[in-house]
Each structure stands twice: as structure tokens, then as C-alpha cells.
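Please open the model in a viewer and keep the selection panel at hand. The stops below each name what to select and what is there.

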Amino acid sequence: MQASFGDDAIPVANRDTLPGMKTEPIGSIPRPLSLIQAMTAFQAGEMKREELDVAYDRALRDTIKRFEQTGSPVITDGEQTKPSFATYPLSGLDNLEPDGVVIPFADGHQRQLPRLADGPFRYGVHADVFLKAARSYTKAPVKQAVISASALSLLYPSSGIPGYPREAFLTDLIKEAEEDIRGALDAGAAIVQIDFTEARLSLKLDPSGGLLRSFIELNNQVLDRFSSAERQLIGVHVCPGGDKDSTHSADVDYAGLLPDLFQLNVGRFYLQMASEPDRNRILRIVRHVLLPNHLVFVGVIDPINPKVESVDEVRERTLEAASLLPVAQLGTTDDCGFAPFADDTSTAREIAFDKIRARVEGTALAAREIGV
């Protein structure tokens, strides 16, 4: 599959063969305060939709411009117009109740998913909407993040829904998740990244691994609907959460996650690594489970640490990974998004772009030293 970005752009099919080491962002960028204020005013009925759209457009244009200025070979829309990385498909739905699954974070704050009250389940918004808007403002390859089917499976209540059994819900969910990914690929996404942050959390909820394996089985039912070539453009991102400078599952050992994670039928894996206390041990586990068709992007930037990494720090972290993993299958990334939820202001917008620039420059420095 190849998308056209203009005469001076990088064709999707050829980008991974370019010299140098691959480096990609995860997705979200802190929204400008003016946009957060506009979203709040709109929700309170104090602003018209047309005014909110102007604020969205202004933030999107600025985000793309700043992304391009970092030198990043792949950019995102910063998720500027998403309410959150997880709930964008639910916009406009009228069959939800607010009392769904609660996700606790280490600092005491919580996020809560809605609960599906009635069937059938359909997405209110698909990710290609965000991708098309972003691509109208840039010739750079644009990566599109989508939420996993397993995360959305948590919307279905444990008590069930009369007249809409869980099996029917999962059938609908798999179809919608496939459409979300396929729509993004068809709209010209350079890469589609599935956000699977609940993977590590699942081991905290169920240390036996049964919940994790059920999540992977569900996500593979979606992925099996794509060709092997398409799956090389699809990746999965895992991290211990990153919201308001806190995590939900950083105390869960990667050793219990990685062997099952690499059973996912994707070509790319985006792994939080910069904030790991013993990266060397985890990288050795990755080397053991890595298959020849896999690309692994290791986190060299910690988004919830306010300190901006130096270029040399990124270089050292990249070289550390390159000493343990095949360089041809290695790339760098950020541990997670900088603001997965729209109201997260814990990281300054300027700091996020400074960190991205350090990743790009540090990765290039390491690549020159390695000779790729």
C-alpha cells in the first residue's frame, strides 16, 4: 500500500528502507490552553460548534507545523481534536452511561470509561476523520493511532445487556475495529498504531495472565482480517499509562507481558523503555521473543518526566538497545503520548516538542555512530 504525499514526500512503501534509524512519535501532544478552554466552554454550552472548530483547526495547524520543525520523519496530529486516545469512537453515541470501568492511577486520581447500556455497538467516529484533517496540512507521512478492540471491550457490563449478548457485542466490536484500522490505511496513513495500554494493566488485575491472553486473542481476531503486508504497517503500543505525570501499572514486570504481547499479529511494537529501571534485562527478553518480521521501537524519551532529555542521553539509550537488538529491526520512540487525555496539562507543550527534537537528533547521532 502506498499513499501520495506530494513530489517531495516519502512514499509509505519505501520509508523503512531509507538510510538511518527509524524514529516515530507515539501520538498525543499537550493541547494549547486556548483549545482546552474552548472545549470546556463548548461542553458547558457557552460556545458554538463553529467557534470550537476554529480552535481545533488552529491547534491542529500549529501542532503539525511544530512537528515538522522537529525534523521527525513521521508525524501525528497530536490527537488535538480527540477527547482522549481511548474514547474518540464514542463521540455522539446515545447508548452509553457514565458509570463504567474505573482505572486508578498511582497518584490517586482516576479515569472512568462509560458503560454500554444498549446495543448495537457502533463507533460514532472513525480515526480516518482525524487523519484526513491532518494530511490536508502536510506532505509528511502521518501516523494514525487507534484504540484497541480490547480496551473498548471493557464498555460491556459484566451483568450483560438484555437482548444483546456479549457474543453479539464482540462481533460488532471486531467489525468496527477493523473498519477503524482499514479506513486509516485507505486514507493514506503511513502507519497505524493500536494503543494497548490495558495490556500491562491487565496483569495487575489478573496476574495469571488469563485476561491478557483474552485481550490478545480479541485483538488478533481484528488483525487476522488484514493481509501480511498490511500488518507490517500496523503496530501496537504498550506502556504503564501516562496521565497527569502518573502511571497505572508501572509496578507490573515486563517479563510477564512480553512473551504474550509478541503473539499479536502486527509488524511493529512500540515499547515504553526510557523509564524502566533495568532496561538491559527487558531488552534481553525482547531479543528472545523477537521474530524476523518485527520492528521494535524502544522508548528513549520519558514523557512524564519534566526534564528534557539531552541528545547524548537519547544517543546512549539508543546505543544500549542497539547492542542487544538487531539494528535493522530497531527504532526509537517516546515511552507514551504526552497528553492522552485532552485535559492533561501536566506537561508543557513546548517541553513535549523539545523532547521530540532530542529524540530525533539523538537517534540520528546514534545511527551515524553505528553506521546505518
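Select helices H1 and H2: their axes come within 9 Å and cross at roughly 160°. This is a predicted model. H1 and H2 are therefore roughly antiparallel to each other, since angles over 145 degrees count as such. The crossing in which H1 passes H2 is left-handed. To see the contact, show side chains for Leu-35, Ala-38, Met-39 and Phe-42 on H1, and for Arg-49, Leu-52, Ala-55, Tyr-56 and Ala-59 on H2.

**Along H2**

Keep H2 alone, residues 49-69. How far apart are the end C-alpha atoms of H2? They are 30 Å apart. The helix has 21 residues, and at 1.5 Å a residue it should span 30 Å, so the distance agrees with the expected value.

Next, colour the buried residues of H2: Leu-52, Ala-55, Tyr-56, Ala-59, Leu-60, Thr-63, Ile-64 and Phe-67. Turn the view to look down the helix axis; the buried residues of H2 fall within an arc of 160°, so they line one face of the helix. Now select Glu-50, Arg-58, Lys-65 and Gln-69, which are exposed on the other side of H2.

Which helices do the buried residues of H2 pack against? Bring back H1 (33-43), and add H3 (128-135) and H12 (349-370): these are the packing partners. Then step past the end of H2 to Gly-71, which follows the helix and has a positive phi, near 85°.

**Pro-32**

Go to the loop between strand E1 (22-23) and H1, where Pro-32 is placed. Is Pro-32 buried or exposed? Pro-32 is buried, with a relative accessible area of 17%, which is under the 20% cut-off. Leaving aside residues up to four places away in sequence, Pro-32 touches Ala-59, Gln-80 and Arg-349. Of these, Ala-59 was already selected as one of the buried residues of H2. For a distance check, pick the C-alpha atoms of Pro-32 and Val-101: 69 residues apart along the chain, they are separated by 29 Å.

**Val-129**

Move to helix H3 and select Val-129. Val-129 is partly exposed, with a relative accessible area of 48%. Draw a distance from its C-alpha atom to that of Asp-206, and the viewer should give 35 Å for two residues that are 77 apart along the chain.

**Asn-220**

Select helix H7, residues 210-223, and find Asn-220 within it. Asn-220 is buried, with a relative accessible area of 12%. Which residues does Asn-220 touch, not counting residues up to four places away in sequence? Add Gln-263, Leu-264 and Asn-265 to the selection; these are its contacts.

**H10 and H11**

For the last stop, select H10 (residues 279-289) and H11 (residues 311-322). Two packed helices are described by the angle between their axes and the distance between the axes. For H10 and H11 the angle is about 40° and the axes are 10 Å apart. H10 and H11 are therefore oblique to each other. H10 passes H11 in a right-handed crossing. Show the side chains that make the contact: Arg-279, Asn-280 and Leu-283 belong to H10, while Arg-317, Glu-320 and Ala-321 belong to H11.

With both pairs on screen, the views can be set side by side: the H1 and H2 crossing is left-handed, whereas that of H10 and H11 is right-handed.

Definitions and conventions:
Residues are numbered from 1 along each chain as its sequence is written. This is a predicted model: local features need pLDDT of at least 70, side-chain atom pairs count only at pLDDT 80 or more; totals for chains, interfaces and linings use all residues. Side-chain values use heavy atoms; hydrogens and water are left out. Helices (H or I, at least four residues) and strands (E, at least two) are DSSP runs, numbered from the N terminus. The expected span of a helix is 1.5 Å times one less than its number of residues. Buried means under 20% relative accessible area, exposed over 50%, partly exposed in between (1.4 Å probe, protein chains only). The arc is that of the directions from the helix axis to the C-beta atoms. Contact means heavy atoms within 4.5 Å. Axes are lines fitted to C-alpha atoms, for helices over the stretch in contact, and angles run from 0 to 180 degrees between N-to-C directions. Angles under 35 degrees count as roughly parallel, over 145 as roughly antiparallel, 65 to 115 as roughly perpendicular and the rest as oblique. A crossing is left-handed if the near helix is turned anticlockwise from the far one by less than a right angle, and right-handed if clockwise.
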